[in-house]
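Here is a short briefing to read alongside the model. Have the sequence and the 3D view ready, and let's walk through the strands and the nonpolar cores together.

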Amino acid sequence: MREWPSFSWLVPKSVGADDDRVIVYSFDTATNTSVNNYTLSEVPALLELAGADAAASMQSLFGSYTTQSDPGVKVHCWFTENMPTEFAYVIDANNIEADPLTKIYGLGDGTGDANSLAVCKNWESAVVE
């Protein structure tokens, strides 16, 4: 993300107050212990820790802008939510820039998780297909 800060727009946002879920589990491979967990709201801090300052800044400045509210116009809400999709990661606390130790999969469309994709289901103006 240091080279592609705009990629931070693909980081999911919490869909409600009860959705500030853990997306990164930090694990110390030397001591075999959990170090820290990062929730959706803590993504900017994690990006800063990884040296992705531009992406962290984008998340901090624009992270509160979401598409969770009904736009008030007819919207065709069309998506797939039954494909394996990366949902969370386990990283090495001593080398956070390395590839994840483990990828945790949930359901989605292969890019976005089902929880993020389904936000339009609650919009009165949406036609869900």
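What follows is a brief tour of strand pairing and core packing.

Please keep in mind that this is a predicted model. Strand 1, residues 22–28, makes a good starting point, as it pairs with strand 2 and also with strand 4.

**Strand pairing**

- Strand 1 and strand 2 (residues 33–39) are antiparallel, and six bridges link them.
- Within this pair, Val22 has Thr39 of strand 2 as its bridge partner.
- The two strands make a hairpin, with four residues separating strand 1 from strand 2.
- In the turn of that hairpin, look for Asn32, whose phi is positive, at about 60 degrees.
- Strand 1 runs parallel to strand 4 (residues 83–92), and four bridges join them.
- On the strand 4 side, Tyr89 is the residue that stands opposite Val24.

**The largest nonpolar core**

- This core counts 14 residues, and Ile23, Val24, Val43, Leu46, Leu47 and Ile91 have the most contacts inside it.
- At least two residues each come from strand 1, helix 1 (43–49) and helix 2 (53–62).
- Helix 1 is the top contributor, with three residues.

**Around Ile23**

- Leaving aside residues up to four places away in sequence, Ile23 touches Val11, Tyr38, Thr39, Leu40, Val43, Phe87, Ala88 and Tyr89.

**A separate core**

- Another core, of seven residues, lies apart from the largest one, and its members include Phe79, Cys120, Trp123 and Ala126.

Definitions and conventions
Residues numbered from 1 in each chain as written. Predicted model: local features only at pLDDT ≥ 70, side-chain atom pairs only at ≥ 80, totals over all residues. Heavy atoms only, no water. Pairing = 2+ DSSP bridges. Core = buried A, V, L, I, M, F, W, Y, C linked by side-chain atoms within 4.5 Å. Buried < 20%, exposed > 50% of the residue type's maximum accessible area, 1.4 Å probe, protein only. Contact = heavy atoms within 4.5 Å.
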